Amino acid sequence: MIKRIGFLILIVTISILLATIYGFLHNQASYSISTEYFTKFKFQQFGFVEYGLDTPRVTARLIGVCSTWWFGLLFGLINAIIGFCQPTVKVMWKSAFGATIRTLLIAIGLGILGVAVGFTTLIKYQIECNVPSDVINRRDFMCAGTMHNFSYLGGFIGMLYGIRYQLKIRKVNALNRT
């Protein structure tokens, strides 16, 4: 039982760390796409207007961490609880860590897809979003926003896929025991 509880804590911790690293790097990439997305939207959204203008990249990193750690906690808890139901600690680890990596990869993949959609579809079809009127480069602003939205969608889809992945492993192990 001690190993299982340690496993639970480890998976939650790993999930939070991976989510915060993802948020940190993700916001660096999206800041490179559109500084205006941060200076004219995200800094206001997170209450970092004055601080953000002095050190914009650092503030973008901080916002990335603040935006994603909670998802790591949420998914880590769900993931660890499902993993807790696996028959052995070894299967628990394989199941939960595998689900965590799959979730991360899906979030990354959909974030990249968001960039592609932002650069091609939104501007091509003149799709209007809630873009502040003082934004100079609307295409890049919308692309960074689409990247963020697709990444959240990817995290959610990845979480559902990770749950399904773990339940499938549990089912296969149950069938092998009978």
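This passage describes the helices, nonpolar cores, buried positions and aromatic pairs of a predicted model.

The chain contains six helices and zero strands, so that its elements, read along the sequence, follow the pattern α-α-α-α-α-α. Along the principal axes, the C-alpha trace spans about 65 × 35 × 20 Å. Of the 178 residues of the chain, 42% count as buried, while the chain exposes about 9800 Å², of which carbon and sulfur atoms supply 70%. Among contacts between residues at least 6 apart in sequence, 78% join residues that are at least 24 apart. The chain carries 17 positive and 6 negative charges, and the mean positions of these two groups are 31 Å apart.

The largest nonpolar core comprises 15 residues, and those with the most contacts inside this core are Ile33, Tyr37, Phe38, Val115, Val131 and Phe141. At least two residues of the core are supplied by each of α1 (2-33), α2 (35-45), α4 (56-84) and α6 (138-177), with the largest share, five residues, coming from α6. When neighbours within four places in sequence are left aside, Phe141 is in contact with Ser34, Glu36, Tyr37, Phe41, Asn130, Val131, Pro132 and Val135. A second, separate core of seven residues includes Phe71, Ala99, Tyr165 and Ile169.

Helix α2 holds several buried residues, namely Glu36, Tyr37, Phe38, Lys42 and Phe43, and is followed by Gly47, whose phi is positive, near 75°.

Two buried positions in helix α5 were examined further. Ser95 is placed in this helix, which covers residues 89-124, and counts as buried because its relative accessibility is 0%. Not counting residues up to four places away in sequence, Ser95 touches Gln86, Tyr165, Gln166 and Ile169; of these, Tyr165 and Ile169 are included in the second core. Met92 also has its place in helix α5, and with a relative accessible area of 0% this residue is likewise buried. Outside the residues up to four places away in sequence, Met92 touches Arg4, Phe7, Gly83, Phe84, Gln86 and Phe97. Met92 and Leu8 are 84 residues apart in sequence, yet their C-alpha atoms are 9.3 Å apart in space.

The count of aromatic pairs comes to eight. One of them is formed by Tyr37 and Phe41, whose rings are tilted, at 5.4 Å centre to centre and with 55° between the planes. Both residues lie in helix α2, four residues apart, which is about one turn of the helix. An α-helix has 3.6 residues a turn, so residues three or four places apart point the same way. Tyr37 counts as buried because its relative accessibility is 5%, a value under 20%, whereas Phe41, at 31%, counts as partly exposed. A further pair, formed by Trp93 and Phe97, is stacked, with 4.8 Å centre to centre and 10° between the planes. Trp93 and Phe97 both lie in helix α5, where they are four residues apart, about one turn of the helix. Trp93 is partly exposed, with a relative accessible area of 34%, and Phe97 counts as partly exposed at 29% relative accessibility. Ring pairs also link Tyr31, Tyr37, Phe38, Phe41, Phe43 and Phe141 into a cluster; Tyr37, Phe38 and Phe141 of this cluster are named among the residues with the most contacts inside the largest nonpolar core.

Conventions: Residues are numbered from 1 along each chain as its sequence is written. This is a predicted model: local features need pLDDT of at least 70, side-chain atom pairs count only at pLDDT 80 or more; totals for chains, interfaces and linings use all residues. Side-chain values use heavy atoms; hydrogens and water are left out. A nonpolar core is a set of buried Ala, Val, Leu, Ile, Met, Phe, Trp, Tyr and Cys residues joined through side-chain atoms within 4.5 Å. Buried means under 20% relative accessible area, exposed over 50%, partly exposed in between (1.4 Å probe, protein chains only). Contact means heavy atoms within 4.5 Å. Accessible areas come from the Shrake-Rupley method with a 1.4 Å probe; for residues, only the protein chains shown count as cover. Lys and Arg count as positive and Asp and Glu as negative; His and the chain ends are not counted. The place of a charge is taken as NZ of Lys, CZ of Arg, CG of Asp or CD of Glu. Rings of Phe, Tyr and Trp (its six-membered ring) pair if their centres lie within 6.5 Å; planes under 30 degrees apart count as stacked, over 60 as edge-to-face and the rest as tilted.
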